[in-house]
Amino acid sequence: MKPSRIIAIGLAVIFILVIARLARLENGGPPHAFVMLPGNEPATMYMPGPGNPFYTLFPKPVADRPPAVVLIHGFSGDRRIMSTLARRMAENGYAVLAIDVNGHGENRNPFNSGEAESSSLRADVKNAVDYLRDSTLVDGTRIVVMGHSMGAGAALDYATHDPNLKGAVMISGGWALGPVRPKDALFIFAEHDPVDPIQVPSTELAANLAGAPKIELGKSYGDFAQGNAVEAIQIPGVNHVTIVSSTEATATIVKWLDSTFATPRTSPIELKDPRLGTQRFAVLIFAILLIPLGRLCGSMVPNWADAPEGPRGGWIGLLIFGGALLAAMPLAAGNPASFVPVIVGSAQISWFAVAGLIMLGVLVMRHPLEWYRVREGLGAAIVAGVAAFAVVYVCQVATSVTLHQVSLSPERLMVMAMAAVLIFPFWMGFELLVRRGGTMGSTMWASLGRVLILIMIVVGVSLSVLPFVLMLILPIIGIALVMIEIFSASAYSVSRNLALIAVFETLWFAWMIAAASPITFMF
């Protein structure tokens with residue numbers, strides 16, 4: 001057996017062992033259990049202390065029950081991405097009910113809001129608050145609502161309509177006040193959060209509540225005893241996504257909860273989550289395993305090694321590709337793929353679909369495509385691409401315990417299928433235009449093309465043609481593009497079959513859109 005195969009098998013064994021440990025850590029930690037709230041709203045309840053309080057026969061006296069937090073995720077998130085923060089708060093004495101709002105995560109109810117309509121989530125938050133008030137596990141008279149990004153807006157909105165809460169924590173979000181002054185309000189945001197959409201509103205809202213024209217970041221105003229404390233604070237070195245797992249952000253939040261609930265603390269704040277290190281190692285091994293996976297799938301399809309170089313590729317190919325992305329922006333601004341029932345995701349699909357049509361049109365006019373080569377062995381390319389994606393899907397579902405729910409509901413599977421059909425021309429055009437030459441050269445050009453996609457996203461958002469949310473998840477898109485290129489370069493080194501690579505890219509991106517976008521229908 002070749003040494004490369006022995007190494008690949010060894011890495012696969014290590015990966016399985018790491019996943020087993022990750023599953024054990026996921027099931028461990030502070031006691032937690034799945035809860036289905038009224039209206040089929042999925043949630044996870046985390047409880048502090050030893051033992052398993054979910055199976056106690058006799059409720060604790062009210063005085064011994066912990067205060068509770070309702071935790072709300074952001075627009076492209078779900079309760080899983082908030083799990084590190086939830087676990088850390090539970091380790092420090094607070095019960096946490098993390099929810100999936102409509103259209104997100106495991107919640108199959110349709111999302112009926114826009115990107116910044118916080119009021120439409122009020123019913124979701126109320127379900128969680130009412131559940132805690134009726135629970136015998138927590139002190140239902142001491143509840144704080146907390147959210148990230150869109151969830152921060154929902155937390156602030158609910159806090160300004162329920163005067164019986166003890167406080168509200170807005171993480172990188174919160175945009176409007178309601179009829180009731182929120183009690184003990186903390187506005188916490190990342191150093192690398194967008195300034196105008198997030199940092200400025202958070203600071204101005206805090207100043208408004210403090211009754212001051214301007215406030216000092218990191219300084220508390222008001223009185224916790226009277227419930228009118230307010231503070232805005234910036235967490236250094238983090239961005240819009242990483243703030244939810246930041247130890248400094250967690251410590252700041254726990255200290256605020258201590259003051260809000262008048263909780264005496266005699267021991268240091270617990271900030272560990274052993275899942276994080278194990279998960280990072282699992283993702284690293286997975287990324288390495290994409291190399292043998294690419295080579296294996298590349299050996300399953302016809303070889304395109306004798307394909308002529310032609311005038312495509314290189315700077316000309318990148319120029320045509322970038323031009324197609326740019327030209328597609330105004331054409332896709334009307335969202336021609338709005339029939340795909342997801343928010344924001346349909347705009348991404350529209351952009352890619354229109355750009356794909358432009359690229360294929362340019363290729364036909366400037367250099368006749370050898371359609372027989374695309375058709376030749378397309379069945380094998382589809383089979384190999386689907387097989388590769390299936391492996392990726394299973395592995396990513398296993399490694400995403402602190403990231404995002406990536407397994408697909410029936411609705412999301414249908415969205416993925418629709419997205420795949422619409423964006424395949426984009427990735428086929430990308431490969432035909434950009435990836436040419438030997439393994440090293442083709443990888444360089446393809447990597448430049450992927451960087452160009454990220455740049456064009458920034459341009460599109462700046463021109464208000466693409467949704468602003470894409471800027472917030474840009475690092476995640478970048479990481480996905482890196483992983484896709486690892487597989488693509490490896491497959492190309494064996495067969496140079498661009499159809500295989502395009503099928504794989506299409507499935508991965510369609511899956512990302514289907515898994516992360518708020519969904520607007522239910523079977």
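Q: How do I tell whether Asn335 counts as buried or exposed?
A: You look at relative accessibility, and under 20% means buried. This is a predicted model, so treat each value as computed from that prediction. Asn335 comes out at 19% relative accessibility, so it counts as buried.

Q: Where does Asn335 sit, in terms of helices and strands?
A: Asn335 belongs to the loop between α8 (314-332) and α9.

Q: What can I read from the phi of Asn335?
A: Check the sign, then check the residue type. Asn335 isn't a glycine, yet its phi is positive, about 55°.

Q: Which other residue has a positive phi near 55°?
A: Try Arg496, another residue other than glycine, with phi near 55°. You'll find Arg496 in the loop between α15 and α16.

Q: Is Arg496 buried or partly exposed?
A: Use the cut-offs again: under 20% is buried, over 50% is exposed, and partly exposed lies in between. Arg496 has 28% relative accessibility, so it counts as partly exposed.

Q: What about Gly140: where is it found?
A: Gly140 lies in the loop between α3 (122-134) and β5 (143-148). With 16% relative accessibility, Gly140 counts as buried.

Q: Which residues does Gly140 touch, if I skip those up to four places away in sequence?
A: With those neighbours left out, Gly140 touches Leu132 and Arg133.

Q: How many Å separate the C-alpha atoms of Gly140 and Gly314?
A: Here you compare two kinds of distance, along the chain and through space. Gly140 and Gly314 are 174 residues apart along the chain, and their C-alpha atoms are separated by 63 Å.

Q: Let's zoom out. How many helices and strands does the protein have?
A: Count 16 helices and eight strands. The radius of gyration is 25 Å, close to the 24 Å that the globule rule gives for 523 residues, so the protein is as compact as a globular protein of that length.

Q: What does the C-alpha trace span along its principal axes?
A: Picture a box around the trace: it spans about 75 × 55 × 40 Å.

Q: What share of the residues counts as buried?
A: That label applies to 55% of the 523 residues. You can also look at the outside: the accessible surface is about 21200 Å², and carbon and sulfur atoms hold 65% of that.

Q: How do I read contacts between residues far apart in the sequence?
A: Begin with contacts that have a separation of 6 or more, then ask how many of them join residues much further along the chain. In this protein, 73% of those contacts are between residues 24 or more positions apart.

Q: Now the open spaces. What volume does the largest pocket have?
A: About 1500 Å³. It is lined by 50 residues, and the closest to its centre are Ile81, Val241, Leu403, His404 and Ile476.

Q: Which helices supply at least two residues of that lining?
A: For the largest pocket, they are α5 (195-210), α7 (275-298), α14 (469-472), α15 (474-495) and α16 (498-516). The largest share comes from α16, with seven residues.

Q: What classes of residue line the largest pocket?
A: Sort them by class and you get 31 nonpolar, 17 polar and two charged residues.

Q: How much space lies in the second largest pocket?
A: About 590 Å³. Of the 19 residues lining the second largest pocket, Ala8, Pro292, Leu293, Arg295 and Leu296 lie nearest its centre. Two or more lining residues each come from α1 (3-27), α7 and α11 (378-399).

Q: Which element gives the largest share of the second largest pocket's lining?
A: That would be α7, with eight residues. By class, the lining of the second largest pocket has 14 nonpolar, two polar and three charged residues.

Q: How many cavities of 30 Å³ or more are there?
A: A cavity differs from a pocket in that the probe fits but cannot get out. Searching the whole structure turns up two of 30 Å³ or more. The second largest cavity has a volume of about 40 Å³.

Q: Which residues line the second largest cavity?
A: They are Gln348, Trp351, Phe352, Ile453, Ile457, Leu470, Ile477 and Phe509. Two or more of these come from each of α9 (345-366) and α13 (439-462). The most come from α9, with three residues. By class, the lining of the second largest cavity has seven nonpolar, one polar and no charged residues.

How values were computed
Residues are numbered from 1 along each chain as its sequence is written. This is a predicted model: local features need pLDDT of at least 70, side-chain atom pairs count only at pLDDT 80 or more; totals for chains, interfaces and linings use all residues. Side-chain values use heavy atoms; hydrogens and water are left out. On a 1 Å grid over the protein atoms alone, a cavity is a set of points where a 1.4 Å probe fits but cannot get out, and a pocket is an open set with protein on both sides within 12 Å along at least five of seven lines; lining residues have an atom within 4 Å of a point. Grid points are joined across faces, edges and corners, and a volume is the space filled by probe spheres set on the points. Helices (H or I, at least four residues) and strands (E, at least two) are DSSP runs, numbered from the N terminus. Ala, Val, Leu, Ile, Met, Phe, Trp, Tyr, Cys and Pro count as nonpolar, Asp, Glu, Lys and Arg as charged, and the others, Gly among them, as polar. The radius of gyration is taken over C-alpha atoms; the globule rule is 2.2 Å times the number of residues to the power 0.38. Buried means under 20% relative accessible area, exposed over 50%, partly exposed in between (1.4 Å probe, protein chains only). Contact means heavy atoms within 4.5 Å. Accessible areas come from the Shrake-Rupley method with a 1.4 Å probe; for residues, only the protein chains shown count as cover.
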